[in-house]
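Here are my notes from a read through the model. Have the sequence and structure open while you go down the list.

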Amino acid sequence: MKLAWLRSLETAHQDCVWACTWLPPTDKSSGLLLTGSLDETVKLWNPEDLSLVRTNTGHCLGVVSVAAHPSGRIAASASLDSFIRVFDVESNNTIATLEAPPSEVWQMQFDPRGTTLAVAGGSSASVKLWDTAEWKLVSTLSIPRPEGAKPSDKGNSKKFVLSVAWSPSGRQLACGSMDGSISVFDVQRAKFLHQLEGHTMPVRSLAYSPLDPRVLVSGSDDECIHMYDAEGKTLFSSMSGHSSWVLSVDVSPDGAAIASGSSDRTVRLWDPKMRAAVQTMTNHTDQVWGVKFEAVGGGARGSLLASVSDDKSISLYNYS
């Protein structure tokens with residue numbers, strides 16, 4: 001397994017780029033790269049040459065998260081302005097505007113079927129689920145308070161939710177918190193299942209393996225990447241090598257590798273079997289906030305990896 005640098009765009013945005021994801025191809029367009037920036041815009045890019053396809057505006061503060069609907073026709077962006085904007089990709093028109101109180105959104109993700117948008121509920125210590133047919137809030141999954149805690153205790157602020165990830169089946173949802181814990185929910189029953197322990201600092205990123213629904217990967221400010229059996233409640237692998245916070249993780253389409261982006265300005269490729277980094281990419285000059293794989297042509301091999309950074313740039317790599 002290896003990464004080969006393909007191309008970079010140094011000034012993709014006018015400010016730090018904090019989020020990226022891939023829009024699946026449709027019958028009208030090929031797959032696009034979606035990025036969100038503190039410059040208040042969301043941009044869509046052609047991965048062939050990183051040419052700008054269109055710019056989506058409307059937020060009045062920085063964009064901290066972007067999400068792509070599995071149909072490839074709809075996308076969503078969350079901003080520090082306390083709103084989530086859902087828009088039609090082709091027309092760029094806003095479909096829905098969802099209100100999110102201050103400090104209530106950090107990350108979000110559509111479920112595999114596209115029926116629900118999960119939003120990390122920030123200071124509310126919860127995950128909020130929005131129905132994508134009518135864009136109504138249908139459920140709030142709250143993280144249990146520590147045993148013995150009183151409703152008035154401020155300790156629950158440590159449960160501030162930073163990250164969220166759906167299992168491949170869409171049956172379970174995991175969220176990472178400020179205190180280093182990861183909570184797993186049964187979505188259909190709206191039931192808290194268990195917590196996964198091991199990190200000692202905020203969990204900023206989560207990703208399930210696309211091939212093994214039990215495997216959950218996490219990245220934390222403690223500079224470690226963990227692999228859990230999310231159903232068996234066990235930590236079975238811990239990898240270290242970054243010299244600062246791990247801000248983003250993703251699992252390759254073939255399930256054989258993990259990519260990570262860090263405050264140490266590097267993108268690393270990890271071999272889970274070796275429990276070690278096998279490659280370090282150093283083309284970014286500032287914190288790497290997002291890394292995201294995308295299979296090319298529907299195949300697991302021959303994939304693309306995108307990374308975005310505080311240096312305002314986008315980089316693309318070939319993974320094989």
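The points below cover the repeats, a sheet, the salt bridges, the cores and two single residues.

1. First, a caveat: this is a predicted model. Keep that in mind for every distance and accessibility quoted here, since they are computed from a prediction.

2. On the annotation side, the UniProt entry, which is unreviewed, marks "repeat: WD" over residues 10-55, 56-97, 161-195, 196-238 and 239-280. I looked at two of those stretches in the model. Residues 196-238 come out as 0% helix and 56% strand, with 13 Å between the end C-alpha atoms. For residues 239-280 the figures are 0% helix and 55% strand, and the C-alpha atoms at the ends sit 14 Å apart.

3. Next, a sheet. Four strands make an open sheet in the order β18-β19-β20-β21, and the pairing is antiparallel. At the edges are β18 and β21, each of which pairs on one side only. Going from one strand to the next, the twist averages 20°. Inside the sheet, antiparallel β19 and β20 are joined by 5 bridges. If you want a spot to check on screen, Leu216 stands opposite Tyr228 of β20.

4. How many salt bridges does a search of the whole structure find? The count is 8. Three of them are worth a look, and they are taken one by one below.

5. Asp221 and Arg204 form a salt bridge whose closest N and O atoms are 2.6 Å apart. This pair ties together distant parts of the chain: Asp221 is in the loop between β19 (215-220) and β20 (224-229), while Arg204 belongs to strand β18 (residues 203-208), 17 residues away. Are these two residues buried or exposed? Both Asp221 and Arg204 are buried.

6. Another salt bridge joins the side chains of Glu231 and Arg214, at 3.2 Å from N to O. Here too distant parts of the chain are linked: Glu231 sits in the loop between β20 and β21 (234-240), Arg214 in the loop between β18 and β19, and 17 residues separate them. Glu231 is partly exposed at 38% relative accessible area, and Arg214 is also classed as partly exposed, at 33%. There is a bit more going on at this spot, as Arg214, Asp229 and Glu231 are linked in a network of salt bridges.

7. Elsewhere, Arg73 and Asp27 meet through their side chains in a salt bridge of 3.3 Å, N to O. Arg73 is in the loop between β6 (63-68) and β7 (74-79), and Asp27 is in the loop between β2 (17-23) and β3 (32-37), so the pair links distant parts of the chain, 46 residues apart. Why do the two partners get separate labels? Asp27 has a relative accessible area of 65%, and is therefore exposed, the cut-off being over 50%. Arg73, at 43%, counts as partly exposed because that value falls between 20% and 50%.

8. Now the inside. The largest nonpolar core has 16 residues, and the members touching the most others are Ile84, Leu98, Met108 and Leu117. Elements giving two or more residues to this core are β7, β8 (83-88), β9 (94-99), β10 (108-110) and β11 (116-120). Of these, β7 supplies the largest share, 3 residues. Take Leu98 as a way in: beyond its neighbours within four places in sequence, Leu98 contacts Ser82, Phe83, Ile84, Val86, Leu117, Trp130 and Trp135. Another core lies apart from this one, with 13 residues that include Leu129, Ile143, Trp166 and Cys175.

9. Thr132 deserves a quick click. Thr132 sits in the loop between β12 (126-131) and β13 (136-142). With a relative accessible area of 15%, Thr132 is buried, because the limit is under 20%. Setting aside neighbours within four places in sequence, its contacts are Phe110, Gly114, Thr115, Thr116 and Leu117. From Thr132 to Leu117 is 15 residues in sequence and 6.7 Å in space, C-alpha to C-alpha.

10. Last one: Asn46, in strand β4 (residues 42-46). At 22% relative accessibility, Asn46 counts as partly exposed. Not counting residues up to four places away in sequence, Asn46 touches Leu32, Ser51 and Val53. Between Asn46 and Phe236, 190 residues apart along the chain, the C-alpha separation is 38 Å.

Terms used: Residues are numbered from 1 along each chain as its sequence is written. This is a predicted model: local features need pLDDT of at least 70, side-chain atom pairs count only at pLDDT 80 or more; totals for chains, interfaces and linings use all residues. Side-chain values use heavy atoms; hydrogens and water are left out. A salt bridge is a side-chain nitrogen of Lys or Arg within 4 Å of a carboxyl oxygen of Asp or Glu. Buried means under 20% relative accessible area, exposed over 50%, partly exposed in between (1.4 Å probe, protein chains only). A nonpolar core is a set of buried Ala, Val, Leu, Ile, Met, Phe, Trp, Tyr and Cys residues joined through side-chain atoms within 4.5 Å. Contact means heavy atoms within 4.5 Å. UniProt positions are given in the numbering used here, feature names are shortened, and annotations may be inferred rather than shown by experiment. Two strands pair if DSSP finds at least two bridges between them. Axes are lines fitted to C-alpha atoms, for helices over the stretch in contact, and angles run from 0 to 180 degrees between N-to-C directions.
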